[in-house]
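Q: I should like a close look at one part of this protein, followed outward to its surroundings. Please explain each step for a first-year student.

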Amino acid sequence: MNTRTEPQRPASFDLSAYGIEGPIVERNLSPAALYERALIHGDGARIADSGALIAYSGDKTGRSPKDKRVVRGESAQEGGEPGIWWGPVNIPISQRTFDINRSRAVDYLNTRARLYVVDAFAGWDPNHRLKVRVICERPYHALFMWTMLIRPTVEEVRGFGEPDWVIMNAGRFPANPLTAGMTSTTSVDLDFHGGDGTGEVVILGTEYAGEMKKGIFTVMNKLMPERGHLSMHCSATADPRTGASSLLFGLSGTGKTTLSADPERRLVGDDEHVWTGEGIFNIEGGCYAKAIHLSKENEPQIFEALKFGAVLENVRLDEADHHVDFDDTSITQNTRGAYPLEHVPNAELPAVAGHPTDVIFLTADAFGVLPPVSRLTPEQAMVHFISGYTAKVAGTEQGVDKPEATFSPCFGGPFLVWHPARYAELLAEKIREHDAKVWLVNTGWTGGACGEGERIALKHTRGIIDAIHRGLLGEAATEEDPVFGLHVVTEIPGVPSEVLSPRGTWKDPSAYDAAASELAGRFRENFKKYEDGVDDAVKAAVPGG
Ligand code: ATP
Ligand code: MN
């Protein structure tokens with residue numbers, strides 16, 4: 001009798017439906033198990049003295065917004081699904097190009113010894129959540145998505161069934177730029193499967209983990225408006241007494257994550273939310289904070305959350321004590337930390353909250369002319385939402401090294417699927433229905449343009465946000481700005497008044513006037529492409545219009 005026991009092959013999760021049959025597949029491993037895999041199987045990972053897993057994303061250390069491609073559906077000949085915002089944000093590709101990229105990803109994944117599957121949810125509202133499956137090679141990517149998606153209970157895993165959306169991450173392997181319809185070796189491809197609510201994301205040529213979370217956000221930006229709900233690139237907090245929420249919209253680097261880490265409020269989420277008829281819900285199960293110059297003193301909540309179970313991306317550590325140097329930008333300005341909401345003591349779990357009382361647009365004005373805070377009329381709210389003015393701050397996108405002024409509709413242009421007007425209409429409706437106040441907050445430069453002036457002090461911005469949340473600005477003194485027509489708040493307890501009126505912070509007021517009218521001109525120029533879709537009252541609210 002042969003008593004020799006065969007070495008036990010670890011139970012492998014079945015991915016044959018995707019044409020993946022070679023690798024050992026492990027599903028929903030715990031953070032501890034993923035740490036082990038990351039260290040043992042050559043993921044290049046390290047462990048920080050705080051307990052966080054440090055991982056490196058390779059060449060790409062930011063998103064690749066020029067490489068997001070979307071399958072143009074059946075009606076391609078007629079121009080694709082009506083209403084989709086085709087163009088540089090949603091580059092159309094044929095089903096065949098998608099299939100070639102997908103099979104390239106599958107072939108590559110099949111060559112790997114081991115793969116990881118994460119089955120989890122996007123969306124805290126059970127009525128709207130998506131079942132998401134991530135298939136990836138790197139343990140760090142699995143841990144990242146385990147952190148950023150909503151972790152299922154044991155019961156939920158058992159009853160998971162087939163996912164609604166699948167992300168195939170073959171980011172270590174390039175796309176073939178010779179493929180028809182392809183221009184680059186990097187591609188984040190979405191296939192909406194003809195619009196039945198399910199689909200696939202295929203990633204080639206980038207290992208930046210943020211592509212996966214923003215891929216799912218893009219999916220929600222398609223599905224939610226179809227159901228009459230507004231998906232939003234914003235952070236959200238809730239009033240601990242009333243449960244009402246407040247939203248902070250803004251492009252990368254404007255302060256969504258930083259300002260939502262607020263000890264006076266409950267944290268709902270730092271980046272992606274949906275506003276439904278019931279209130280708001282967070283799409284994600286974690287936060288993804290910039291880690292550059294992170295300090296315990298300035299951002300204690302984020303600092304403390306980067307412990308065991310968190311992922312620190314592209315940071316360097318001291319070889320002796322494994323202490324992370326958050327000031328080291330030798331790999332990238334866009335160092336990041338991902339941590340589950342449970343790491344934040346004041347997180348609101350489940351991450352849902354009531355309708356917003358305040359909607360705050362954050363802009364990091366690189367010209368240094370917009371006031372730190374102003375109250376917007378409903379028409380101005382539309383203008384600023386559709387314009388989405390800000391500075392692109394160094395880091396999050398590949399190739400942006402110094403702040404540059406830009407416009408990105410809905411404060412999230414790269415993630416939109418429909419024409420911006422569709423989101424703007426939903427926002428206008430919801431603001432009206434729930435009587436939310438709208439504010440424009442400049443977290444950017446003061447005393448001069450970027451390079452000359454300086455970034456507005458975080459403590460002043462925090463003072464402004466506090467005052468809004470306490471309802472102190474409803475009756476506060478305002479002054480009308482002659483160039484932008486903004487109702488500038490000029491007095492806030494705890495914030496020096498000289499800070500609140502930008503003209504006075506410039507050495508040369510006439511230089512301020514010139515910069516202000518130049519920026520107003522840029523607003524006017526940029527808004528031209530949206531003019532046809534808005535009514536006259538909104539057109540009249542365009543700066544310099
Ligand atoms: P992303 O969409 O890429 O996640 P974000 O909107 O969440 O971007 P944050 O991660 O909050 O942006 O980044 C804001 C950065 O700017 C932080 O590093 C923060 O410390 C810094 N900062 C400096 N001054 C201010 C200010 N006055 N208000 C907000 N943030 C500031
Ligand atoms: Mn953020």
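Leaving aside its neighbours within four places in sequence, which residues is Ser408 in contact with?

A: The model is a predicted one. In it, Ser408 is in contact with Leu251, Ser387, Gly388, Gly413 and Pro414, once its neighbours within four places in sequence are set aside. Ser408 belongs to the loop that runs between strand E25 (404–407) and helix H9 (420–434). Its relative accessibility is 9%, and because buried means under 20%, Ser408 counts as buried.

The loop leads to helix H9. With 15 residues at 1.5 Å a residue, H9 should span 21 Å, and its end C-alpha atoms are indeed 21 Å apart, so the two values agree. The buried residues of H9 are Pro420, Tyr423, Ala424, Leu426, Leu427, Ala428, Lys430 and Ile431. An α-helix has 3.6 residues a turn, so residues three or four places apart point the same way. Just after H9, Asp435 adopts a positive phi of about 55°.

Attention may now turn to the annotated residues. An unreviewed UniProt entry carries the annotation "binding site" for Arg63, Tyr208, Lys214 and Arg336. These residues span 274 residues in sequence, yet no two of their C-alpha atoms are more than 14.4 Å apart, so they gather at one spot. Arg63 and Lys214 are among the residues lining the largest cavity.

Two of the annotated residues, Tyr208 and Lys214, can be described further. Tyr208 lies in the loop between strand E10 (199–204) and helix H5 (210–226), and it is buried, with a relative accessible area of 2%. Not counting residues up to four places away in sequence, Tyr208 touches several residues, including Arg63, Tyr288, Glu313, Asn334 and Arg336. Lys214 is found in helix H5 and is also buried, at a relative accessible area of 10%. Beyond its neighbours within four places in sequence, Lys214 is in contact with Arg63, His233, Asp271, Glu272 and Phe415. Arg63 thus appears in the contacts of Tyr208 and in those of Lys214.

Finally, there is the ligand. Ligand 1 is surrounded by 20 residues, of which the closest are Ser252, Lys256, Thr258, Arg336 and Ile456. Arg336 is also covered by the "binding site" annotation from UniProt. A polar side-chain atom of Lys256 lies 2.7 Å from an oxygen atom of ligand 1, while for a polar side-chain atom of Thr258 the distance to a ligand 1 oxygen atom is 2.6 Å. Thr254 takes part through its backbone, where a polar atom is 3.5 Å from an oxygen atom of ligand 1.

Key:
Residues numbered from 1 in each chain as written. Chains lettered and ligands numbered in written order. Predicted model: local features only at pLDDT ≥ 70, side-chain atom pairs only at ≥ 80, totals over all residues. Heavy atoms only, no water. Helix = DSSP H or I, 4+ residues; strand = E, 2+ residues; numbered from the N terminus. Buried < 20%, exposed > 50% of the residue type's maximum accessible area, 1.4 Å probe, protein only. Contact = heavy atoms within 4.5 Å. UniProt positions renumbered as here; feature names shortened; annotations may be inferred. 1 Å grid on protein atoms, 1.4 Å probe; cavity = no way out; pocket = protein on both sides within 12 Å on 5 of 7 lines; lining within 4 Å. Expected span 1.5 Å × (residues − 1). Near = heavy atom within 4 Å. Polar contact = N/O pair within 3.5 Å; in protein donor to acceptor, adjacent residues only side chain to side chain.
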